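Today I am going through one model with two topics in mind: its cavities and its ligand site. My notes follow in the order I looked things up.

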Amino acid sequence: MKKVVVLGGGIAGVECAIFLRKYNFEVELISDRDYLYIYPISIWIPTKEKKLEDVIISMQDLANAHGFKFVKDKVVQVNKDSFTLENGGERKDFDYLIVALGQQKLKHKGIEYTYSICSTPEETLEYTKKLDELINQKKGGKLAFGFGGNPNAKEAVRGGPVFEVLFNVDYYLRRLKIRDNFELTFFAPMPKPGERLGETALKMMDYMFKKLNIKSFTGKKIVEFTPDGVLLEDGAKIESDLTLFTPAGDGHPSVKAGNLPQTNAGFVIIEPTNQVKDCENIYAIGDSAALEGPEWKAKQGHLAEVMARNTAYNIALKEGLEKGSPKTYIEHINILCLMDMGNGGGLAYRDDKKAMLIPLPIVGHWMKKGWGMYYKLSKLGKIPRLPGM
Ligand SMILES: Cc1cc2nc3c(=O)[nH]c(=O)nc-3n(C[C@H](O)[C@H](O)[C@H](O)COP(=O)(O)OP(=O)(O)OC[C@H]3O[C@@H](n4cnc5c(N)ncnc54)[C@H](O)[C@@H]3O)c2cc1C
């Protein structure tokens, strides 16, 4: 049986390994963490609704459940015929290689004074600790929440989780009856952050900011972060004791260090089948891959999973284990986001024809919690999968 090496144990890499095993390929998954970190439900760590152990799945448990080999190591370079590991050195022992390493974040001046919910789990825990200090020791403070853009890859902007943490922190402080002791500010350099979710979503966000007394600074470039705030291009300053900031995504360093075809931002250039351009036996999936498609497209978890399943199928097709035509991700490009607000949520959907936001008071929150539970149990094979999930 052919050997497939999957680089990266996130949402995309794990789904691909699971589906490759259904065709009996020999699969080795290499990742730098010995657990899968479920980003979409990590938004509740700062507000104590989830602990780290609630939002991870042990990689060895996944490997045992599906029969793949897991190796913990850091990938430092990916090339057309090899990859290099920090401890394992250069390797060429694969028939197919899958790049599923996610993305890194753009660097901003003074970024060390900020915390991102979209980076490492350690950073989210550190943010949680700082928020605790403000709540328990200082009994108040100024909190800023923002995200940045990447002119070379608009689809790598990640705003949804920042809105989610902002609304959850607001609700958390209200539950603790100390919201009045805090000033909450949102900021982003684009004039209409969240615009790709459509006009209704923008109006709803504006309405929520006013209702919840959240200040907003948009359309001004970020110059620098400082220990006590955010400096903007017109000399304005957002005072902040604790800044949550998610820079836009950028290509993975190991891809940038190698010779795979890549965009200016360092995302791997792929065919609609996820095969890397001009590389017969290499595929890229999830956030590492450059996306084709409409202006409003976004890198999302559900698309990462479609890419992963398509890739397993397309490799099986090449090997004569499937019949039919190759599957592509293009027709699955949409934005599907269940945005949590602490005491409810909203289902945002966007495709070529429509953009809508359905408010889901109370139930939206529990739907997202339910999805998290379903995700964990179904990945471990403890409950059956729903079609297409
Ligand atoms: C806070 C947050 C909330 C989100 N909410 C939603 C949502 O509600 N709905 C939705 O559809 N999408 C959501 N997303 C987006 C979604 O999580 C991503 O699109 C998805 O995780 C991409 O999967 P991936 O496997 O490509 O990357 P990742 O999940 O980032 O996985 C990359 C993997 O590679 C490993 N890795 C990285 N570098 C190396 C290296 N050098 N060597 C070895 N291993 C390495 C990492 O440890 C990780 O296991 C959210 C994202 C964040 C950050």
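How do the residues of the lining of the largest cavity divide into nonpolar, polar and charged? I counted seven nonpolar, one polar and no charged. A reminder to myself before going on: this is a predicted model.

**Entry 1: the largest cavity**

I looked up who lines this space and found L197, A201, M204, M205, M339, M341, G346 and L357. Helix α6, residues 199–212, gives the largest share of that lining, with three residues. The volume came out at about 50 Å³.

**Entry 2: the other cavity**

I then asked how many cavities of 30 Å³ or more the structure holds, and the answer is two. The second largest has a volume of about 40 Å³. Its lining is made up of G286, D287, A289, L291, K299, Q300, L303, A304 and M307. Sorted by class, I get five nonpolar, two polar and two charged residues here. So that I don't forget when I turn to the ligand: D287, one of the residues in this lining, is also among those that come nearest to the ligand.

**Entry 3: around the ligand**

Next I moved to the ligand and its surroundings. There are 28 residues around it, and A12, D32, V75, H252 and D287 come nearest. By class, the shell splits into 10 nonpolar, 11 polar and seven charged residues.

I checked the ligand's oxygen atoms for polar partners. At K368, a side-chain N or O atom is 2.9 Å from an oxygen atom of the ligand. At G301, a polar backbone atom is 3.0 Å from a ligand oxygen. H302 also takes part through its backbone, where an N or O atom lies 3.4 Å from an oxygen atom of the ligand. As for cover, on its own the ligand has 1000 Å² of accessible area, and the protein covers 92% of that.

Which elements give two or more residues to the shell? I found α1 (11–22), α2 (39–42) and α8 (301–318). The largest share comes from α2, with three residues.

**Entry 4: where the ligand lies**

Last, I wanted to place the ligand relative to the domains. Domain 1 covers 3–103 + 251–332, and domain 2 covers 110–249. Both give residues to the shell around the ligand, so the ligand lies between them.

Technical notes: Residues numbered from 1 in each chain as written. Predicted model: local features only at pLDDT ≥ 70, side-chain atom pairs only at ≥ 80, totals over all residues. Heavy atoms only, no water. Near = heavy atom within 4 Å. Polar contact = N/O pair within 3.5 Å; in protein donor to acceptor, adjacent residues only side chain to side chain. Areas by Shrake-Rupley, 256 points an atom, 1.4 Å probe, with all protein chains shown as cover. Helix = DSSP H or I, 4+ residues; strand = E, 2+ residues; numbered from the N terminus. Nonpolar A, V, L, I, M, F, W, Y, C, P; charged D, E, K, R; others polar. Domains from an automatic or database assignment. 1 Å grid on protein atoms, 1.4 Å probe; cavity = no way out; pocket = protein on both sides within 12 Å on 5 of 7 lines; lining within 4 Å. Points joined across faces, edges and corners; volume = space filled by probe spheres on them.
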